[in-house]
Amino acid sequence: MEYNPEGPFADPCPTKTRADLEWDRILEALAERCASRAGKRLARALPFASTRAEALTTLAEVREAVELARAGEPVPARDVAELEDALDRARIGASLANEELRAVLGLLDAARTARQYLQSRRQIAPALYAACATNPELDAVARDLAAAFDPDGTLSDRASPRLEALRAERRAVRDRLVRRLEDLIQKHEDILQDRYWTERDGRYVLPVRSDAHERFPGIVHATSASGATVFVEPRVLVETGNRMKMVDAEVAREEQAIYAALTARVTEDIESVAAAARALAHADVRSAAARLARDLDLTFPEVPEGAFAVDRGASEAAARPSSIALNGGRHPLLALDGVKVVPSDLSMSTGRAMIVSGPNAGGKTVALKTLGLAALMVRAGLPVAARDGSRVALFDVVLTDVGDDQNLHKNLSTFSAHVKNLGQILGETRPGALVLLDELAGGTDPREGEALAAAVLDSLCARGGTVACTTHYEGLKALALGDQRFENASVGFDLATMSPTFRLVVGVPGASSALAVARQFGIPGTVLERAERFLTKEAVTFEQMVEKLAAERRALELAREDAEREAGASRAKRRELEGELERLREKERGVITREGEALLASLRRAREDLKAAQSRLRGKPTEEDVRAAARAMDAVGQKTSIGGELELRPRDEPPARPAIDPAAVRVGTRVYVPRLRAEAEVVEVLSGGQLRVAAGALKLTTSIAELRGAAAAPPAAAAPQQRRVDLDAAADPDVPIQTADNTVDLRGLRAHEAVAMAEQFLDRSLGAGRRVTFFVHGHGTGALRDAVREALRGSPYVARLRPGGPSEGGDGVTVAWLKW
């Protein structure tokens, strides 16, 4: 039979495989996480994908459900009633009962909720949206059903006008009956057993003493258990009671007619209703799969194409990817039971066999079941118990022989049952088959069993199967030494603790360690010594070689674990240092922010002082006003001067710099000015050892003796860049301060001359790092003002402009903010 990688595939899980791998436990775990009965039923019979496209679509749906759950938006799942039987009866014309119609309404409400949820997430969950789509026209059916029922589930009076009229008449008749009964209770209180009325068989009666019932005309409907009370319907109420019974019957008939009409409304879209029920169960199972993936830490493997080409040679086998490769594979049922599972890397290819050896109870069979369950889970659209980066092909069938099939009724011994299963497996093995054999050809003569096992493995590989088996036969362990189709693997055994490690190692055969295990479980030492003497020299040598390999492998693993721990510690230390560095940066940013706010507050106070001084000088100031204004201006000058309050103090003192040679000072020489704590350029050499230097927009006259030599390195690397306060209010451009350096006087110029000078001033201001400039053009006729402002509006250097304020020269001044 030729294998088609695209499908259709056969059922991958024969009865024996289902039992050997306990597949039903996986399905039960999925069903337990479903919310609805229909979802649980679907999960317990979860189908396997029949084509590759179907398998990939199913995996995509579950992946989307997992991602939505991780995002805190799980697929909605609700416990809705199963309606298959009710819908089948509706198809043949039967009317649905009240509870069934309300169950349909609940289903349609859930379908609307799911549809709206998936519609809003159509871009991130397209596969789920397509799989769980429902007919939006069902919303109209839901509205018709909802209108017919009250919140308590009873049929509403609004369901039909006739029902409303009949129920009103029934209430009126009952009210008349109750009033008349209460009158009779008052009138015949002496012969009544108690002051109440009740109903018997739908008739309204009074409790009359048995010794006085002849004095009360009416119809006896019942007696009490003791016989002391007779329940009598008063004769005067018989006609009204008859009318009540007739109205009740009419109400019941009308209700049945309404139920029939509502059933007919459902029947109009009954296939859409049934499809909605299936879609909700489907969404419930996908949501349950997402919860199972979260609980067991499942991941989505890569599903390779063309993984089952029959082996044609060693080079092709090496180039072809593995049919199944689990990174850190775990047995999902052990994880489900809360057992701490030791993960193992498992890899197999078609036409090859992995021979797993090692001590009993070391995890060999667990490794086989892990492989088989991973193959079945992918075929069922479920993620696998392994780390990211795993790869699982779509196997056509999983064939197993795990466990003891001894059956005395069928006259089958353990070995006979095993051989029978092997015969069936050989007949069904082909490319696309995963074959898992536990203790291959065990339970018989070791030499013959070993020969049979080798022949079976050779035949299975030749048929294109992907094979894994466990064994204690030394001959099978040696197969891998001369045939590249076979590969050894082993589960470790810690000789120090005399216990298995449960970790599977590929490429190394494992020692059975039978004598060591026997010693651990209490076999006397004398018996073990005799056993060692009975071992052949070849067996002892082989066992010692395997144990030596295992010990060396264990030493390498310990070294690798130490290296990984050290690398992890280094990464943790690096993260700690990076966190500390970020914390210090954040702290420094906070300090800078606080200093900036303090400087800004000082600038605002200085501006307010200047405004106050200007206001005193308007009009006719007194001598005291002039002196106060002078004091205020002096105070502002001290704040804004070098060394004043607004100068930012450096955290650290700059390093000592050498004095400069007066003979070497020329225009353009770079020097260090201690008062500025910055480097400057000599712009003019004056007499008497005086110099004029410029540091950005700031110019200063100083002496040669005060200056120091500039750093030899470029300015960017000479010293940390110092923060400074921009005297034209760079820190707060909405509160500009006018100075001589940021002001140009254009008065008396022609319009074109003023525009040219303004553009030159803009260039110089940008080069000096200014943020705000003042253009004084005066009032006049307004022509010069308009020309200057028009030029500024069209300039690429100007961010915005405005007329001057009252304290800045009014409309005779234009204030412009430059782009940075």
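## A tour of the predicted model

Start by selecting Ser765, which is found in helix H23, residues 751-768. The model you have open is a predicted one. Show the surface around Ser765: the residue is buried, with a relative accessible area of 0%. Next, display what surrounds this serine. Leaving out residues up to four places away in sequence, Ser765 touches Arg770, Thr773 and Leu818.

**The largest core**

Now select Trp23, Leu30, Leu128, Ile324, Leu326, Leu371 and Leu382. These residues have the most contacts inside the largest nonpolar core, which has 68 residues. Color helix H14, residues 364-379, as well: nine residues of this core come from H14, the largest share.

Zoom in on Trp23. Neighbours within four places in sequence aside, Trp23 is in contact with Cys13, Arg18, Phe48, Leu373, Leu376, Met377, Ala380 and Leu382. A second core, separate from the one just visited, has 35 residues. To find this second core, select Leu138, Val141, Ala276 and Leu280, which are among its members. In soluble globular proteins, nonpolar side chains tend to be buried together.

**Helix H5**

Go to helix H5, residues 84-91, and select Ala86, Leu87 and Ala90, which are buried. On which side of H5 do these residues lie? They are on the same side of H5, because the arc they cover around the axis is only 95°. To see what covers the buried residues of H5, display H6, H10 and helix H11 (270-296), which are included in that cover. Then step past the end of H5 to Gly93, which follows the helix and has a positive phi, near 100°.

**Salt bridges**

The structure holds 46 salt bridges. Three of them make the next stops.

Select Arg25 and Asp337. They form a salt bridge in which the closest N and O atoms are 2.6 Å apart. How many residues apart are Arg25 and Asp337 in the chain? They are 312 residues apart, so the pair links distant parts of the chain. Arg25 sits in helix H2 (residues 23-32), while Asp337 is in the loop between helix H13 (332-336) and strand S6 (344-348). Arg25 is partly exposed, with a relative accessible area of 31%, and Asp337 also counts as partly exposed, at 46% relative accessibility.

Move on to helix H6, residues 98-120, and select Asp109 and Arg112, which both lie in this helix. They are three residues apart, about one turn of the helix. Their salt bridge has its closest N and O atoms 3.2 Å apart. Asp109 is partly exposed, with a relative accessible area of 24%; Arg112 is partly exposed as well, with a value of 25%.

For the last stop, select Arg265 and Glu268 in helix H10, residues 238-268. Because these two are three residues apart in the helix, about one helical turn separates them. Arg265 forms a salt bridge with Glu268, and the closest N and O atoms are 3.1 Å apart. Is Glu268 buried or exposed? Glu268 is exposed, with a relative accessible area of 57%. Finally, add Asp144 and Asp269 to the selection: salt bridges that share partners join Asp144, Arg265, Glu268 and Asp269 into one network.

How values were computed:
Residues numbered from 1 in each chain as written. Predicted model: local features only at pLDDT ≥ 70, side-chain atom pairs only at ≥ 80, totals over all residues. Heavy atoms only, no water. Core = buried A, V, L, I, M, F, W, Y, C linked by side-chain atoms within 4.5 Å. Buried < 20%, exposed > 50% of the residue type's maximum accessible area, 1.4 Å probe, protein only. Helix = DSSP H or I, 4+ residues; strand = E, 2+ residues; numbered from the N terminus. Contact = heavy atoms within 4.5 Å. Salt bridge = Lys/Arg side-chain N within 4 Å of Asp/Glu carboxyl O. Arc of directions from axis to C-beta.
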